[in-house]
Each structure stands twice: as C-alpha cells, then as structure tokens.
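Please consider the following structure. A set of questions and replies about its helices, strands and burial is requested.

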Amino acid sequence: MTSFRTLDDLGEAGGKRALVRVDFNVPMADGAVSDDTRLRAAIPTIAELSDKGAIVLLLAHFGRPKGAADPSLSLAQLTQPLSHLVGRPVTFVPDCVGEDASAMIDQLSAGDIAILENTRFHAGETRNDAALADGMAALGDFYVNDAFSAAHRAHVTTEGLAHHLPAYAGRAMQAELDALETALGNPEHPVAAVVGGAKVSTKLAVLEHLVTKVDHLIIGGGMANTFLAARGVDVGKSLCEHDLADTAGRILEAADAADCTVHLPYDVVVAKEFTANPPIRTVNVHEVASDEMILDIGPSAVEALADVLKTCRTLVWNGPLGAFETPPFDTATVALAQTAAALTREGSLVSVAGGGDTVAALNHAGVADDFSFISTAGGAFLEWMEGKELPGVKALERTG
Ligand code: ADP
Ligand code: MG
C-alpha cells in the first residue's frame, strides 16, 4: 500500500489540464540529445495521461539558467525528440506561467501534449516562491510529479505546486518510490548494503544511516582504505582519508551496537601507478608496500561477499568496489554485480542500486537489466540512502 496518490487515484481526467513535472535535463551534443534515457522514462506517464484525455502540460528545468531566460537552454529543442519518442505531436509553450502561456493552453484539446518553457527561467522556481506557484497552478487542474531525481529539492515545480493542486505520483516516480521502499523502507531481511566509491567524506551520512538499517554492510572502493587504515592497516599510497580514522571507528562501533556485520576486504589489488593495465599484485591487506596503491578489492574478498549475498533477500548498492573506469580495476565490481544479477534472476534477491558512477559501473558489467531496480536519480538517491525525507516526496504523501 503506497502512502501517496498515483494515477490510479486520478478518476475522470478527460479535458482536465495536468501539470506534469518531469526530468528532461538530458545531455546534449551538437544540438542533439545524446542520451534520451530521461525522456523515455517519462513516456509511460505522458502517454497514459494523454490516453485518458488529459491536456498534458510538461514542466521541467534544463541546465542552470540562473533565473533568467537563456535561449540556449530553451526546452523548445526537446519538442521534436519527445514527439518522436511518444509518437504524437508535441506543442511548445514559450513560458510556464502568465497570460500568453494561459492563452496558448486554452487552445489545446483533450489528449494534447505540450512542453512548457524551462521553469528555471523564473528565479522564483528554485526559491519555491508562492506567487510563482499560484500563477503556475492557475494553468492546471491537477499536478503530477514524475521527477524523483529532483525530489530532494523544494522548488515550485517539485514541491510547491503540490500544495496548490491535487497531487499525484507519476509512473516513474511511483516505480522509484516502490523500489526504494522495498529495498530499505520495509525490506525483507537479511539486507546487505554495498557502499563503495572514492571517499568516506562524501558518504558519511549514508554509512551512518545504513548501519542502523541493514544486516551486512559491505565496504569497498577507496573508502575501504580509510576503514582499513583506522584499524591499523598500512595502506601505502592508496587514496585514504587518514583524518577520518576516528569517524570510521565510530561507524564500526555503531554497526556493532546495531548488530550490523561490516565486511572489509582482506585481499586487495595493488599497483604502483594508476594507469590502464599496469603491473599489479593481489595481496593480503597487511602486505601493501609503501609505494603501492589499493585500486580494487581482491578475488578472495569477492568470493566471500558473494557468499554473503547468497544468504540475503535484499541488496542496496551505491558505489563501485574499485577504480572501475581503469582496467583491470573493474574486476571485483563486475564479478559481484554479476553474482547479484544472477541471484536476482533466480528470484532469491531483490537488488536496488543507484549513484552516477554506480549506474555506469553496472552498465559496464552488463547487469543493468537484471537488477530489480536501478535508480538514475543521483543526488535524490543518495539523500534517500541517508534516510532523509525528500520534500518532493513528502508533498505527495496522502494526508487522508
Ligand atoms: P557514485 O557516483 O556511484 O555515488 P562515487 O562517486 O562515490 O560513486 O565513487 C566512484 C569513484 O570511486 C569512481 O570514479 C572510482 O574510480 C572511484 N574509486 C573506487 N575505488 C577506488 C580506489 N580504490 N581508489 C581510487 N578511486 C576509487
Ligand atoms: Mg560519483
């Protein structure tokens, strides 16, 4: 049972104007969309609303225009790519508030789809300005938020509008919230978390939250070095935040108190230089030489972690286990990802992953389609991993 309204709760939508917040912040190269993942993610909601006869008015930000119109950041350039993907005509409305926009919207009919101009052309958007929210709300009969990736921001189109109009989660938002709830809100135990990546300092809040939630905390990547060093291991020239030794120690104590088993690697892959395919050694963590860097966790560690995953029902993963962009330091990440994918296919594991580099690493491992859910939400995903309440999600909660 979801605690937020979805399109299932919409009722009769024919002829009604739907203000739909989407994430259209797509990368561009030479004037063309170079990755249309975000456009595609919004299609189910757009098509469903259009099929129901709603007038679909899409709201999105694009780039960082700093509260003023910037023609190079106009959403007009997404009209054709979206029309192509959704297979229906898409109109462009050159503002997202005001009389001209209102007059154009009045010309639209049931089922029509329009993109409204970049919401960040108005400074009030990121300030969550009440007057802007009033003005925008006047253009619609109800509000749909389908942009989980922007839900950690309290802006007019991610939060404010939900207080002015009946508010619903779109299908992409719903899928994301359901997956996150299954993975960490109300998961089947045992739960394992993999936390990797470069630095402890960027994920302190994540680690602190996870030790209270999961049964197994698997630490890899550069951040494992900080934990190993805190335990007295000489990590040589490895990336390591020595000043966080006390913090790492406190996290280990908190894990102990919460009955969370922390898994640090006991073997690692080291090199003297950080380039592609340099001479490497696989050694016990106590055998790292002073001129060597730990760039991946070792094969024995991966085997032990695979055994841990086999005992678990739920996995949440953020951060690669090694410097995966540079071969062969992708080996552990790829191997453990493939184990998780196989367990997910067999139905014994629910696997949810997110994070910019994590998504790239899992794509590289070829497992993106096998995980139960992969979030592309970046910042919002991390804040959710920290146990924070996201304003855009809170605003969608059912109050009665
Ligand atoms: P995400 O974007 O998924 O949250 P992070 O940004 O925290 O992940 O971390 C990803 C980065 O961590 C990658 O660029 C990877 O090369 C780096 N990394 C992982 N392990 C190591 C290591 N042992 N030494 C140096 N860098 C590492
Ligand atoms: Mg990153």
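The questions and replies below treat selected elements in turn.

Me: On what basis are the values given, and what kind of model is this?
Reply: Residues are numbered from 1 along each chain as its sequence is written, chains are lettered from A and ligands numbered from 1 in the order in which they are written, and side-chain values use heavy atoms, without hydrogens and water. Local features need pLDDT of at least 70, side-chain atom pairs count only at pLDDT 80 or more, and totals for chains, interfaces and linings use all residues, since this is a predicted model.

Me: Which residues of helix α2 are buried, and how wide an arc do they cover?
Reply: Helices (H or I, at least four residues) and strands (E, at least two) are DSSP runs numbered from the N terminus; buried means under 20% relative accessible area, exposed over 50%, and partly exposed in between, with a 1.4 Å probe and protein chains only. In α2 (residues 79-86), the buried residues are Thr79, Leu82, Ser83 and Val86. They lie on the same side of α2, because the arc they cover around the axis, taken from the directions from the helix axis to the C-beta atoms, is only 100°.

Me: What covers the buried residues of α2, and which exposed residues are on the face turned away?
Reply: The cover includes α1 (37-51), β4 (55-59), β5 (91-93) and β6 (113-116), where contact means heavy atoms within 4.5 Å. The face of α2 turned away from the buried side carries the exposed residues Gln80 and His84.

Me: Which residue of β5 stands opposite Leu116 in β6?
Reply: Two strands pair if DSSP finds at least two bridges between them. β6 pairs in the parallel sense over three bridges with β4, and β5 and β6 also pair in the parallel sense over three bridges. Both faces of β6 are covered, with Ile113 and Ile115 buried on one side and Ala114 and Leu116 buried on the other. The residue opposite Leu116 is Val93.

Me: Is Ala54 buried or exposed?
Reply: Ala54 lies in the loop between α1 and β4. Leaving aside neighbours within four places in sequence, its contacts include Ala13, Lys16, Leu49, Asp112 and Phe142. At a relative accessibility of 0%, Ala54 is buried.

Me: At roughly what angle do the axes of α8 and α9 cross?
Reply: Axes are lines fitted to C-alpha atoms, for helices over the stretch in contact, and angles run from 0 to 180 degrees between N-to-C directions. Angles under 35 degrees count as roughly parallel, over 145 as roughly antiparallel, 65 to 115 as roughly perpendicular and the rest as oblique; α8 and α9 are therefore roughly perpendicular to each other. The axes of α8 (residues 221-230) and α9 (residues 245-257) come within 8 Å and cross at roughly 90°.

Me: What is the relative accessible area of Thr226?
Reply: Thr226 is found in helix α8, where Thr226, Phe227 and Ala230 meet Ala245, Ala248, Ile251 and Leu252 in α9. Not counting residues up to four places away in sequence, Thr226 touches Val200, Cys240, Glu241, Leu244 and Ala248. Thr226 is buried, with a relative accessible area of 3%.

Me: Which residue of β14 stands opposite Val268?
Reply: An open sheet of three strands has the order β13-β12-β14, with antiparallel pairing. Its edge strands, β13 (280-284) and β14 (293-297), each pair on one side only. Four bridges join β12 (residues 267-271) to β14, and Val268 stands opposite Ile297.
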